[in-house]
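Welcome, and please get your viewer ready. We will take this one selection at a time, with a note on what to look for at each stop.

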Amino acid sequence: MTMTNEAIADLALAVRGTITGPGDLGYDEARAVYNGMIDRRPALVVRCADTADVMAAVRFAREHDLAVAVRGGGHNGPGLGTVDDGLVIDLGAMRAVHVDPLQSIVDAEGGATLGDIDHATHAFGLAVPGGIISTTGVGGLTLGGGVGHLTRGLGLTIDSLLGADVVLADGTFVRADADHHDDLFWALRGGGGNFGIVTRFTFRAHRVSTVMAGPMLWELDDAPEVMRFYREFIGGAPRELGGFFAFLTVPPGPPFPEELHLRKMCAVVWTHTGSPEAAARDLQPARDFKRPVLDGVMALPLPAWNAAFDALYPRGQQQYWRGDFVTELPDQAIAAHLEHAAELPTWQSTMHLYPIDGAAADRSNADTAWAHRDARWAEVIFAVDPDPARADAIRRWTIDYYEAVHPYSAGGGYVNFMMDEGQERVRSAYRGNYDRLARIKARYDPDNAFHVNQNVRPAARAAGDAAGSGRKGGERGHRPPAR
Ligand SMILES: Cc1cc2nc3c(=O)[nH]c(=O)nc-3n(C[C@H](O)[C@H](O)[C@H](O)COP(=O)(O)OP(=O)(O)OC[C@H]3O[C@@H](n4cnc5c(N)ncnc54)[C@H](O)[C@@H]3O)c2cc1C
């Protein structure tokens, strides 16, 4: 059906949120995502106020044969929260978070940010493990897996996910959890935005409040020694201690001392969830093996720590991403890292190795869609530059670096650290889980309506595998009345 002005006016009446199209005031703001490299022009952006709006927007897109992009926090590297000529379902106005402190359960709307959850949970001495920048969307981060400061002790973000409210590709609504649509619940935990639009996430919260956290910095020349120490140390450290290795440039401002500003260095960025005494004990080996040039570990409320790097990565800058899972860090890989890390193209560009041993590895690859629990690190190479003229240069550096270290990787990447890298990379991200995901996709989104994502293609439908066959106990999605 052609999208007429009358149809758009009907949609505007049907929703409580706002609708913005080309020519409307605020269109450029409405279409912009976090990565300044992405410049797409959707036909409409529906900024939803509630689940009913999301259902109406999905039905509208289907009726008018529009590609759908779903936007949570808009952080995604390849800009999967927007689409040319299609309909953006923007959840950015749906950010409410409700905490039940008696049950340690947290409900977050689909457009909430990690900072929204931190703010709401910290008041009760609770936390949900997320990522390292508070402006990131809970939606994309969780559906892709979620790695961050607390992963070694508490697992991936999906390991704390208890259930989700989901609007499906036909505009119906279901609850997915261990007792309802358990196939969908399995797929949502790592399978990205492929299966539906999550309007509410329900998480188990954990008792974490103030942490001992901060970076230790060493000279870049010492990086081989630091990496070798880190490689041996982190896997045997207590789970209360997380720490990601980083190549970085010291930011040109406080709290860093002026003499270090803009120096390329290497670091381990620690987070300890135990007492200050336990942190001092557990970090002593890192202080002993080689005295850090700067030791910035201190007591911090978790929300402050999770927001500590926000100012380094403001919205609208050029960003380019690559990443892999890593199981071994042989000396040859360390040499390859060093060669490229010495050429960090801007002070915000970086390489991180996030440890995913510990609690994330307590589950098997088959337990959820996230298929690399046997790896030890999720590696990300991340180039950032405010100047659009430098987009090619940062892309080149990232790809060259990635290609040099990729031979030492576990052969697949974390979907949230990827650009648009093609079907083979999506398959290698999901490995042995891909075919199961494709079957679940065929059940819940057989026409691939949700394809603006790291796309799992629906499996060819076998007889008897019709939509809904994965639903438990004869349940059906809540279908709105025909209009
Ligand atoms: C500065 C920065 C720091 C980061 N740090 C970390 C980190 O520490 N740990 C980590 O794991 N990742 C991190 N990431 C990566 C991040 O997880 C991904 O970019 C993720 O896609 C962001 O989610 P979003 O909701 O903000 O993005 P969006 O661009 O809004 O969405 C990303 C994808 O998720 C889908 N999606 C989003 N919300 C929903 C929803 N409610 N229902 C269905 N589909 C949805 C979208 O359709 C799209 O395919 C970081 C990214 C940035 C830019």
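Which residues come nearest to the ligand? Select the ligand and the 34 residues around it (those with a heavy atom within 4 Å): Val70, Gly72, Gly74, Val147 and Tyr414 come nearest. Before going further, note that this is a predicted model, where local features need pLDDT of at least 70 and side-chain atom pairs count only at pLDDT 80 or more, while totals for chains, interfaces and linings use all residues. Residues are numbered from 1 along each chain as its sequence is written, and side-chain values use heavy atoms, with hydrogens and water left out.

**The ligand's polar contacts**

Next, show the polar contacts (pairs of N or O atoms within 3.5 Å). A polar backbone atom of Val147 is 2.6 Å from a nitrogen atom of the ligand. On the backbone of Gly140, an N or O atom lies 2.9 Å from a ligand oxygen, and a polar backbone atom of His75 is 3.1 Å from an oxygen atom of the ligand. Taken alone, the ligand exposes 940 Å² (Shrake-Rupley, 1.4 Å probe), and the protein buries 97% of that.

**The shell by element and class**

Now colour by secondary structure, with helices (H or I, at least four residues) and strands (E, at least two) taken as DSSP runs numbered from the N terminus. At least two shell residues come from each of β3 (68-71), α5 (138-144), β9 (197-204) and β15. With four residues, α5 gives the most. By class, the shell has 15 nonpolar, 18 polar and one charged residues; Gly is counted as polar here, and Tyr as nonpolar.

**Helix α12**

Select residues 391-405. This is α12, whose 15 residues reach 22 Å from first C-alpha to last, close to the 21 Å expected at 1.5 Å a residue (1.5 Å times one less than the number of residues). Its buried residues (under 20% relative accessible area, 1.4 Å probe, protein chains only) include Ile394, Trp397 and Tyr401. The buried residues of α12 pack against several elements (heavy atoms within 4.5 Å), among them β15 (318-326), α11 (331-341) and α13 (423-430).

**Backbone oddities**

Finish with three backbone stops. The peptide bond from Pro254 to Pro255 is cis, with omega near 10°, and Pro255 sits in the loop between β11 and β12 (264-272). Asp65, in the loop between α3 (51-63) and β3, has a positive phi of about 55° although it is not a glycine. Asp65 counts as exposed (over 50%) because its relative accessibility is 70%. Asn448, in the segment after α14 (434-444), also has a positive phi of about 55° without being a glycine, but Asn448 counts as buried at 13% relative accessibility.

Note on methods
A polar contact is a pair of N or O atoms within 3.5 Å; within protein, one must be able to donate a hydrogen and the other to accept it, and residues adjacent in sequence count only if both atoms are side-chain atoms.
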